[in-house]
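Here are my notes for your read-through. Please keep the structure open beside them.

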Amino acid sequence: MSVGLIVLAAVSALVLFGVAQRVLDRMQLTDRAALIIAAAIFFGGLIPDIRIGRVAVNLGGAVVPLGVCVWLLVKTDTRKEVVRALAGSVITGIAVYALGRLLPAEPEKFVIDPHYLYGISGGIVAYLLGRSRRAAFICGVLGVILADTATALINWSNGVNSTLVLGGAGAMDTIVISGILAVLLAELVGEVRERMSRVEAPEEREDVHTPFRRGGRQN
């Protein structure tokens, strides 16, 4: 089982035990919806890619996550967050693409699978740009899809006969890791900030009214 599927299984367990309730509430998702999405990604990833010319699309690795991003954009409260999410997705995509250009071309030189490295890097950048849980997830997922698309377009322009794989094989691991890591970072950092603000905030003291004054009774 790949790391992406293991992450999905772990997230599903957290949802079942109620640990992820707060995150789901802020993303406007119910437990049932989250489990359905996780199952759709899991089982959809086992279905063969849908090929359209030189493009291969995986149902679980691309279509379902992309559909979730569209739904989150529709449910976003402010236009500012929508712009931040879309702009952050483009920048995340550029960062992931640039990382792919900088790393060695030989797979044996990697300490870890490059797909995992892309996912981790994409998740970190997505959190920094998205900040909110919803925007971070959108940046993480769309950023990876945009990076894969840019790679294929550049290869085609250079005469390389390659296939654009969206969400298939290791690409699904990258998308899952990037999106979920971005949300986890947003939740963890947000929780730490909230706790720090509560500690630093001055305690409100209630004024105690008494009918007595020092040294005598009040008439």
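The points below go from the overall fold to single residues.

1. **Status and make-up.** This is a predicted model. The protein has eight helices and five strands. Starting at the N terminus, the order is α-α-α-β-β-α-α-α-α-β-α-β-β.

2. **Burial and surface.** The protein has 219 residues, and 37% of them count as buried. Its accessible surface is about 13100 Å². Carbon and sulfur atoms hold 64% of that surface.

3. **Contacts along the chain.** Take the contacts in the protein with a separation of 6 or more. Of these, 73% join residues 24 or more positions apart.

4. **Main core.** In soluble globular proteins, nonpolar side chains tend to be buried together. Here the largest nonpolar core has 25 residues. M27 and F137 have the most contacts inside it. Two or more residues come from each of helix 2 (21–26), helix 4 (59–75), helix 7 (133–157), strand 3 (164–166) and helix 8. Helix 7 gives the most to this core, with eight residues.

5. **Around M27.** Which residues does M27 touch, leaving aside neighbours within four places in sequence? They are W71, L72, R133, R134, F137 and V183. F137 is also one of the two residues with the most contacts inside the largest core.

6. **Second core.** Another core, of eight residues, lies apart from the largest one. Its members include L5, A38, I41 and V176.

7. **S12.** This serine is in helix 1 (residues 3–16). Is S12 buried or exposed? Its relative accessibility is 18%, and the cut-off for buried is under 20%, so S12 counts as buried. Beyond its neighbours within four places in sequence, S12 is in contact with L35 and A38. A38 is also among the residues of the second core.

8. **Q28.** Look at the backbone here. Most residues other than glycine have a negative phi. Q28 is not a glycine, yet its phi is positive, at about 60°. Q28 is in the loop between helix 2 and helix 3 (31–44). Its relative accessible area is 31%, so Q28 is partly exposed.

9. **E187 and R133.** E187 is in helix 8 (residues 170–200). It is a buried glutamate, with 12% relative accessibility. Where does the side chain of E187 make a polar contact? The partner is the side chain of R133, at 2.8 Å. Not counting residues up to four places away in sequence, E187 touches R22, V23 and R133. R133 is in contact with M27 as well.

10. **Aromatic pair.** A search of the whole structure gives one aromatic pair. The rings are those of F42 and F43, with centres 5.2 Å apart. Why is the pair called edge-to-face? The planes stand at 70°, and angles over 60 count as edge-to-face, so the pair gets that label. How do the two residues stand in exposure? F42 is partly exposed, with a relative accessible area of 21%. F43 is exposed, with a relative accessible area of 54%.

11. **Charge over a ring.** How far is the charged end of R54 from the centre of the ring of W156? The distance is 4.4 Å, and the charged end sits over that ring.

How values were computed: Residues are numbered from 1 along each chain as its sequence is written. This is a predicted model: local features need pLDDT of at least 70, side-chain atom pairs count only at pLDDT 80 or more; totals for chains, interfaces and linings use all residues. Side-chain values use heavy atoms; hydrogens and water are left out. Rings of Phe, Tyr and Trp (its six-membered ring) pair if their centres lie within 6.5 Å; planes under 30 degrees apart count as stacked, over 60 as edge-to-face and the rest as tilted. Buried means under 20% relative accessible area, exposed over 50%, partly exposed in between (1.4 Å probe, protein chains only). A charge sits over a ring if NZ of Lys or CZ of Arg is within 6 Å of the ring centre and within 35 degrees of the ring normal. Helices (H or I, at least four residues) and strands (E, at least two) are DSSP runs, numbered from the N terminus. A polar contact is a pair of N or O atoms within 3.5 Å; within protein, one must be able to donate a hydrogen and the other to accept it, and residues adjacent in sequence count only if both atoms are side-chain atoms. Contact means heavy atoms within 4.5 Å. A nonpolar core is a set of buried Ala, Val, Leu, Ile, Met, Phe, Trp, Tyr and Cys residues joined through side-chain atoms within 4.5 Å. Accessible areas come from the Shrake-Rupley method with a 1.4 Å probe; for residues, only the protein chains shown count as cover.
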